[in-house]
Amino acid sequence: MTKIDLNNLDIRICNSNDVKDIYNIQEIVINNFKDEEKGYFLPFTEEWYLRIVNNPDKDGEIYGAFYENKMIAWIFLSVSTRMEQIKSFIPDINGKCADIDGVIVLPEYRGNGLQKILVNYLEKKAKEKGIDNVVAEVTFENDYSLKNLEDLGYEIKTWYKKDENIKRHILLKKLNTTFIDKNNILKVVDNLILMYKRGELGGEVMPEDANPHFEKSSLENYLYFTLPMALNYQRNSYTLWESALKTYNDEETKFVFNPKVCLEKTFEEVQYALTKYKVALQKQKQTEIWLSLCNTFVELFDGDIRKLFNNLDNDVDKIRNYIQKENKKKFPYLSGTKICNYWMYVIYQYTDRKYTNIENLTVAPDTHVCKATHKLGLINDEEFNSSNVQQIVIDRWQELFRNTKYKPIDIHTPLWLWSRNGFKEVK
Ligand SMILES: CC(C)(COP(=O)(O)OP(=O)(O)OC[C@H]1O[C@@H](n2cnc3c(N)ncnc32)[C@H](O)[C@@H]1OP(=O)(O)O)[C@@H](O)C(=O)NCCC(=O)NCCS
């Protein structure tokens, strides 16, 4: 086998001058087949290849891989009318289809990963042509090819009989859905967490670190980390928590952290206290939210928010369900997808609360966490820009960490800092 320097590999679309090489590679590969391998690749004539390269719109394109000016492998992206027949084999397939109608590597160059490189290249070209699905056929027993395609996210959908002796799997990859190379992302995650622990992601000071340092288990500590959370929506968290601290340190305004006292004051008094250091940025609306939460805490838990956790067995799912579904209206803003998760996370970090199923606590998908998730390739461009991105981010991390040593909350702060500090290179 010849090991090649992939930096010097050149891939390009073939034209009529390349037809001889395309055909020669086919001949070498076929002559090299053992009897039982004959069905892996069925030969075409030289004229047929010429027709393809001259008719890219009708037939498709052949891409050649060249090393030191010699063609050593090629792949054929077929868009022929035969696609309609192939499409009919596969249920639930929408959009434009193309077929990998052959990929071969000269025997002495095998083991350089050229099939994967060519398939990746073909997919890039297919996307540019607005193709949504790529189909591949692999003859039974052709394990090398099958493994490569499955690694790249192709799924076996069905099979058919090419002729008496040849059975083929039909595989499909939908190009617009993300195929996530889980192992690769997990390796990056390992490094990201290491960098975080070593303080290399730009320091470990989180916005919530600005706080009065109450006794962790105290009610005042729980309330301090609950009420401002509801106003932590699309704003700079550092300034929010600095404002909260100033509000607490001022004798005139500190009462806002006590729900019972808040409810005894007039709306204007609460409004004044919340706006004095800009805890509330929207005077009317955010004062209403604050008071509404105070009301809920007094009404349901006699002002003691710790009871919420106790009553719900410290179970993350029960708490989420209680706040986000059963009593959504009573928890304005705190019930939002991002804030609810983030609040539970902050409670976990800054109070003495232990959840029974901490692994179900998801990442809190704020802008930074979403950006970092996108950067890692765990969500694609379309998902990143969709209105549902927060839920997608939550689901992806949960999926990625299933059966691993990690819990979604382990990655939250590293992701946040990584994005906030401009995506330092991960070694
Ligand atoms: C399938 C094919 C394109 C894969 O080539 P490739 O991309 O160079 O293969 P890889 O780099 O993935 O090889 C991985 C390992 O499998 C080995 N391998 C790959 N194809 C092999 C083959 N046909 N016979 C024996 N070993 C093979 C490689 O030597 C390598 O071994 P190593 O890890 O010990 O170095 C190539 O085998 C081929 O041209 N086969 C004939 C045509 C064919 O079947 N095409 C696919 C139609 S769907």
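## A walk from the sheet outwards

Seven strands form an open sheet in the order 1-2-3-4-5-7-6, and their pairing is mixed. Two strands stand at the edges: strand 1 (9-13) and strand 6 (155-163). Each has a single partner strand, so one side of each is left without a neighbour in the sheet. From one strand to the next, the twist averages 25 degrees. The model described here is predicted.

Take strands 2 and 3 next. Strand 2 covers residues 60-67 and strand 3 covers residues 70-78. They pair in the antiparallel sense, over 8 bridges. One point to look for is Ile62, which stands opposite Phe76 in strand 3. Helix 1 (residues 19-32) lies across strand 2, strand 3 and strand 4. The helix runs at about 95 degrees to strand 3.

Now move to strand 5. Is strand 5 enclosed or open? Strand 5 spans residues 133-139, and 7 of its 7 residues are buried, so the strand is largely enclosed by the rest of the structure. In a regular strand the side chains alternate between the two faces of the sheet. Strand 5 can be read that way: Asn133, Val135, Glu137 and Thr139 point one way. Val134, Ala136 and Val138 point the other way. Residues of both sets are buried.

Which strands pair with strand 5? Strand 4 (residues 97-105) runs parallel to strand 5, and 4 bridges join the two. Within this pairing, Ala98 has Val134 as its bridge partner. The chain gets from strand 4 to strand 5 through helix 5 (residues 114-128), and this β-α-β crossover is right-handed. Strand 7 (residues 166-174) pairs with strand 5 in the antiparallel sense, over 7 bridges. Here Val134 has Lys173 as its bridge partner. Val134 thus takes part in two pairings, with Ala98 in strand 4 and with Lys173 in strand 7.

The ligand comes next. Around it are 18 residues, of which Tyr40, Arg110, Gly111, Gln115 and Tyr144 come nearest. Strand 4, helix 5 and helix 6 (143-151) are the elements that give two or more residues to this shell. Strand 4 and helix 5 have already appeared in the crossover to strand 5. By type, the shell divides into 10 nonpolar residues, 7 polar and 1 charged.

Further along the chain is Val363. It lies in the loop between helix 15 (337-350) and helix 16 (367-375). Is Val363 buried or exposed? It counts as buried, because it has 29 C-beta neighbours inside 10 Å. Leaving aside neighbours within four places in sequence, its contacts include Val369, Val393, Ile394 and Trp397. Pro408, Ile411, His412 and Leu415 are also in contact with Val363. Gln85 is 278 residues away from Val363 along the chain, and their C-alpha atoms are separated by 44 Å.

Two loop residues close the tour. Most residues other than glycine have a negative phi. His213 has a positive phi of about 55 degrees, although it is not a glycine. It is found in the loop between helix 7 (182-197) and helix 8 (219-224). His213 counts as exposed, because it has 9 C-beta neighbours inside 10 Å. Asn314 also has a positive phi, near 55 degrees. Its place is the loop between helix 13 (306-311) and helix 14 (316-326). With 16 C-beta neighbours inside 10 Å, Asn314 counts as partly exposed.

Definitions and conventions. Residues are numbered from 1 along each chain as its sequence is written. This is a predicted model: local features need pLDDT of at least 70, side-chain atom pairs count only at pLDDT 80 or more; totals for chains, interfaces and linings use all residues. A residue is buried if 20 or more other C-beta atoms lie within 10 Å of its own, exposed if 12 or fewer, and partly exposed in between; C-beta atoms are placed from the backbone. Helices (H or I, at least four residues) and strands (E, at least two) are DSSP runs, numbered from the N terminus. Two strands pair if DSSP finds at least two bridges between them. A crossover is right-handed if, with the strands pointing away from the viewer, the path from the first strand over the helix to the second runs clockwise. A residue is near a molecule or strand if its C-beta atom, placed from the backbone, lies within 6 Å of it. Ala, Val, Leu, Ile, Met, Phe, Trp, Tyr, Cys and Pro count as nonpolar, Asp, Glu, Lys and Arg as charged, and the others, Gly among them, as polar. Axes are lines fitted to C-alpha atoms, for helices over the stretch in contact, and angles run from 0 to 180 degrees between N-to-C directions. Two residues are in contact if their C-beta atoms, placed from the backbone, lie within 7 Å.
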